[in-house]
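Dear colleague,

Please find below the sequence and structure that I am handing over to you. My findings follow directly after them.

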Amino acid sequence: MTGQPPPTAPEPSPYTSAPDTSSLEATLHAAGFPVDLLTDEQRLVLSKLTAEELTLLLDVKSRLDAVGPEVQAHGEIAGGALF
């Protein structure tokens with residue numbers, strides 16, 4: 001012990017308006033969202049989601065992904081025609 005206080009997390013800069021979205025982006029990336037392709041505006045919208053909204057978004061994505069292969073197969077077989 002050197003008598004110095006333990007290090008603390010740095011304070012967010014008052015000069016930046018972008019919230020820290022690294023945890024949110026990691027969650028979305030793990031769910032298959034192309035977070036690296038999002039615009040700053042899209043990231044800002046996502047950063048303001050409530051926990052319930054994020055849960056709903058992830059649930060909808062999961063359900064869409066579950067039927068994705070069947071929908072994609074129809075597109076490949078029918079040449080992309082919708083029916």
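In this predicted model, Val 35 touches Glu 25, Leu 28, His 29 and Arg 43, with residues up to four places away in sequence left out of the count. Val 35 also belongs to the largest nonpolar core, whose 6 residues include Leu 24, Leu 28, Phe 33, Leu 46 and Leu 54 as well. Leu 28 is thus named twice, as a contact of Val 35 and as a member of that core. In soluble globular proteins, nonpolar side chains tend to be buried together.

As to the overall architecture, the chain has 3 helices and 0 strands, and its pattern along the sequence reads α-α-α. Of the 83 residues in the chain, 12% are buried. The accessible surface amounts to about 7200 Å², and carbon and sulfur atoms account for 62% of that area.

Two residues of helix H3, which spans residues 51-77, may interest you. Lys 61 lies in this helix and counts as buried because its relative accessible area of 17% falls under the 20% cut-off. Beyond its neighbours within four places in sequence, Lys 61 is in contact with Ala 31, Gly 32 and Phe 33; Phe 33 is itself one of the core residues.

Leu 64 is also placed in helix H3. Its relative accessibility is 55%, so Leu 64 counts as exposed. Together with Leu 56 and Val 60, Leu 64 makes a nonpolar surface patch of about 270 Å².

Yours sincerely

Terms used:
Residues are numbered from 1 along each chain as its sequence is written. This is a predicted model: local features need pLDDT of at least 70, side-chain atom pairs count only at pLDDT 80 or more; totals for chains, interfaces and linings use all residues. Side-chain values use heavy atoms; hydrogens and water are left out. A nonpolar core is a set of buried Ala, Val, Leu, Ile, Met, Phe, Trp, Tyr and Cys residues joined through side-chain atoms within 4.5 Å. Buried means under 20% relative accessible area, exposed over 50%, partly exposed in between (1.4 Å probe, protein chains only). Contact means heavy atoms within 4.5 Å. Helices (H or I, at least four residues) and strands (E, at least two) are DSSP runs, numbered from the N terminus. Patches are made of residues with over 30% relative accessible area and no salt bridge: like charges are joined within 9 Å, nonpolar side chains (Val, Leu, Ile, Met, Phe, Trp, Tyr) within 5 Å. Accessible areas come from the Shrake-Rupley method with a 1.4 Å probe; for residues, only the protein chains shown count as cover. A salt bridge is a side-chain nitrogen of Lys or Arg within 4 Å of a carboxyl oxygen of Asp or Glu.
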